[in-house]
Amino acid sequence: MLFPFDNSYARLPERFYARLPATPVAAPLLLKLNMALVAELGLDAAALAGPEGVAALGGNAVPEGAEPIAQAYAGHQFGGFTAQLGDGRAILLGEIVTPAGLRRDIQLKGSGPTPWSRRGDGRAGLGPVLREYIVAEAMAGLGVPTTRSLAVVATGEAVYRQPPVPGAVLTRVAASHIRVGTFQYFAARGDGPALEILAEYARARHHPGAEGVAGLLRAVVAAQASLISSWMLVGFIHGVMNTDNMTISGETIDYGPCAFMDAYDPAQVFSSIDYGGRYAFANQPRIAHWNLARLAEALLPLLPGDEDAQMAEAQAALADFAPAFHAAYLGGLAAKLGLPARDDAFTQAFLTLMAANQADFTNTFRGLCDAADGDDAVRAEFADPRAFDAWAVEWRARLAGATPAAAMRAVNPAVIPRNHLVEEAIAAAVEQAELGPFEALTEVLARPFGPPPAEGRYSLPPRENERVLATFCGT
Ligand code: AMP
Ligand code: MG
């Protein structure tokens with residue numbers, strides 16, 4: 001048996017999903033199996049890499065115990081509501097419970113059309129699939145809650161984009177695929193019974209310590225405040241924080257036009273379709289709060305008491321977001337600076353200095369670890385190194401003789417999936433069928449807090465001609 005399935009979502013009412021298998025592909029070829037994740041999930045690598053395994057991961061055979069479904073959801077995309085989105089190119093095979101006792105969804109993405117596909121073909125290009133693989137696994141390495149990438153299978157078919165590209169299927173592993181938009185789907189239909197079932201299911205699955213719907217809402221607010229702060233502490237920009245791309249579990253999901261910043265710029269936007277900068281780096285907490293307000297609206301009729309009490313409860317839950325986010329983010333920044341305690345004005349002054357001096361976000365914080373040991377090479381990250389020197393005098397005064405370098409290295413990565421490296425790995429795979437750069441990059445990104453990789457290029461920012469100016473949605 002490939003997966004010891006134990007499906008619970010497929011037991012929920014039929015209107016929560018459509019039952020259908022993935023659409024078979026011409027010539028499934030396993031390009032990548034995530035061995036570390038295979039082990040973590042307690043799966044059999046040889047079986048998954050064998051003919052039956054590849055047929056299952058490519059969507060050509062329904063593995064034993066699977067109950068394939070496409071999940072229903074709605075969502076606000078760039079602020080506009082669509083009552084019917086759903087899995088247009090993904091199939092949930094089922095769930096497994098890992099040896100550590102964690103319930104995990106096994107989903108195929110790029111698996112063919114579903115009743116929710118609208119005009120889409122239900123497929124994914126190899127480039128976007130590798131991009132999601134790389135960035136999701138990098139996030140896991142960085143300790144950021146995220147969906148995981150288990151396998152990449154080439155379909156042997158072209159996907160008709162401009163220009164046509166080779167197709168692929170990603171096997172995605174997630175705590176679940178329940179989104180803010182899943183609640184909105186039933187709220188938009190006025191389906192109170194379904195909302196109630198979904199809320200209890202999500203509470204029990206993700207936030208079992210929470211009490212009732214009010215507890216669920218508060219738990220999601222807390223999980224998202226923590227998640228967004230962990231993004232901001234590594235310079236991550238999601239790029240498309242629509243409500244259908246925000247999980248109830250608190251995992252990062254849907255790596256489309258996402259990117260890590262090189263030089264620190266709070267207004268940074270990479271997504272080619274984010275014209276207004278709605279999902280810019282520094283906007284992410286505000287947008288998360290906005291999305292959570294949409295969740296609160298959907299849950300409102302399930303909250304206890306009369307309408308006034310429900311509204312008060314929702315507002316109280318949402319009011320927890322800002323303090324929770326600030327505690328995690330500002331506390332995290334203090335740790336990145338090696339400070340013994342939060343020092344918000346000082347921390348903010350450093351970010352302002354970095355922005356004014358086009359300092360590389362990752363390398364500046366990592367360089368500070370060495371500076372804590374007395375090596376001030378990091379000053380070269382600043383357009384005006386003397387500005388750093390002046391700041392460093394105050395910083396050393398605050399360190400007061402402590403030696404926080406080792407602790408700082410545990411929270412300041414030496415490597416991130418820099419856009420130009422991700423693009424390089426994708427181009428080699430798509431244009432030359434060469435997976436070496438992808439393998440090498442994922443290897444380096446698995447241990448971001450260790451000693452910097454021997455090959456310096458993995459930690460260098462892009463040269464002028466390597467700079468990636470825009471990223472695109474993964475369709
Ligand atoms: P995303 O922007 O990836 O979060 O997707 C938004 C919605 O579009 C979801 O309902 C997806 O299932 C759907 N979608 C994205 N790409 C495709 C595609 N190639 N074919 C069908 N549906 C798609
Ligand atoms: Mg999505």
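Trainee: Where does aspartate 254 sit, and how is that place defined?
Mentor: Aspartate 254 is in the loop between strand E10 (236-237) and strand E11 (259-260). Helices (H or I, at least four residues) and strands (E, at least two) are DSSP runs, numbered from the N terminus. Keep in mind that this is a predicted model, where local features need pLDDT of at least 70, side-chain atom pairs count only at pLDDT 80 or more, and totals for chains, interfaces and linings use all residues. Residues are numbered from 1 along each chain as its sequence is written, chains are lettered from A and ligands numbered from 1 in the order in which they are written, and side-chain values use heavy atoms, with hydrogens and water left out.

Trainee: What decides whether aspartate 254 is called buried or exposed?
Mentor: Buried means under 20% relative accessible area, exposed over 50%, and partly exposed in between, with a 1.4 Å probe and protein chains only. Aspartate 254 has 15% relative accessibility, so it counts as buried.

Trainee: What is notable about the phi of aspartate 254?
Mentor: Its phi is near 65 degrees, a positive value in a residue other than glycine. Most residues other than glycine have a negative phi. Arginine 118 also has a positive phi, near 50 degrees, and arginine 118 is exposed because its relative accessible area is 58%.

Trainee: What makes aspartate 254 a donor of the magnesium ion (ligand 2)?
Mentor: Donors are N, O and S atoms within 2.8 Å of the metal (3.2 Å for Na, K and Ca); water is not among the atoms, so sites may look incomplete. The protein donors here are Asn245 (OD1) and Asp254 (OD), lying 1.8 to 2.2 Å from the ion. Asparagine 245 is buried too.

Trainee: Why is the pair of aspartate 87 and arginine 179 called a salt bridge?
Mentor: A salt bridge is a side-chain nitrogen of Lys or Arg within 4 Å of a carboxyl oxygen of Asp or Glu. The closest N and O atoms of aspartate 87 and arginine 179 are 3.9 Å apart, and the pair meets that rule. Aspartate 87 lies in the loop between strand E5 (80-82) and strand E6 (90-97) and arginine 179 in the loop between E9 and helix H5 (180-188), so the pair ties together parts that are 92 residues apart in sequence. Aspartate 87 is buried because its relative accessibility is 1%, and arginine 179 is buried with a relative accessible area of 1%. Salt bridges that share partners join Asp87, Lys109, Glu132, Arg172, Arg179 and Asp254 into one network.

Trainee: How many salt bridges does the structure hold?
Mentor: There are 36. Among them, arginine 103 pairs with aspartate 6 at 2.6 Å and with glutamate 95 at 2.7 Å.

Trainee: Why does arginine 123 have no salt bridge?
Mentor: The nearest side chain of opposite charge, glutamate 157, is 4.2 Å away, so the pair misses the 4 Å rule. For charge, Lys and Arg count as positive and Asp and Glu as negative; His and the chain ends are not counted. The side chain of arginine 123, a buried residue, does reach the backbone oxygen of proline 24 at 3.4 Å, and the backbone oxygen of glycine 110 lies 3.0 Å from one of its polar atoms.

Methods: Polar contact = N/O pair within 3.5 Å; in protein donor to acceptor, adjacent residues only side chain to side chain.
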